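Student: Please take me closely through one part of this model, the loops, and connect what you find residue by residue.

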Amino acid sequence: VPEEFTNGTYNLLAIGVSSEYKRSGIATEMMRYIENLIKQKEGRLLIVETSSDEAQMRARNFYNKMGYKQMAVIEDFWNDGEDKIVFWKKL
């Protein structure tokens, strides 16, 4: 679900794949679809956020694989010791 922020900047509110379909390529297809949808709306940037929690390691690796750059870390955002990690991609 992309949310428009500023002039051509979008934030990805959420993406999820049912556990029975993980590692099937669906998340990659969904991200490409979202990126193309934003490009059609003349969007230029997409921001995604995740957590430093170990359970989110696969998500962070996924965003890196998709060409997103880690741009910010907000310490203790989600909880003490659990940071918000912000990724960015120029479309």
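Tutor: A residue is called buried under 20% relative accessible area, exposed over 50%, and partly exposed in between (1.4 Å probe, protein chains only). This is a predicted model, in which local features need pLDDT of at least 70, side-chain atom pairs count only at pLDDT 80 or more, and totals for chains, interfaces and linings use all residues. Residues are numbered from 1 along each chain as its sequence is written, and side-chain values use heavy atoms, with hydrogens and water left out.

With that settled, E42 sits in the loop that links α1 to β3, a strand covering residues 45–51 (helices, H or I, at least four residues, and strands, E, at least two, are DSSP runs numbered from the N terminus). The relative accessible area of E42 is 68%, so this residue counts as exposed. Its backbone also deserves attention, for E42 is not a glycine and yet has a positive phi of about 65 degrees.

Earlier in the chain, R23 belongs to the loop running from β2 (9–12) to α1 (26–40). R23, too, is not a glycine but has a positive phi of about 65 degrees, and R23 is exposed because its relative accessibility is 76%.

Beyond β3, the loop leading to α2 holds E54, and the helix α2 itself spans residues 57–65, with R58 among them. E54 has a relative accessible area of 61% and therefore counts as exposed. To place E54 against another part of the chain, one may take V17, which lies 37 residues away in sequence and whose C-alpha atom is 18 Å from that of E54.
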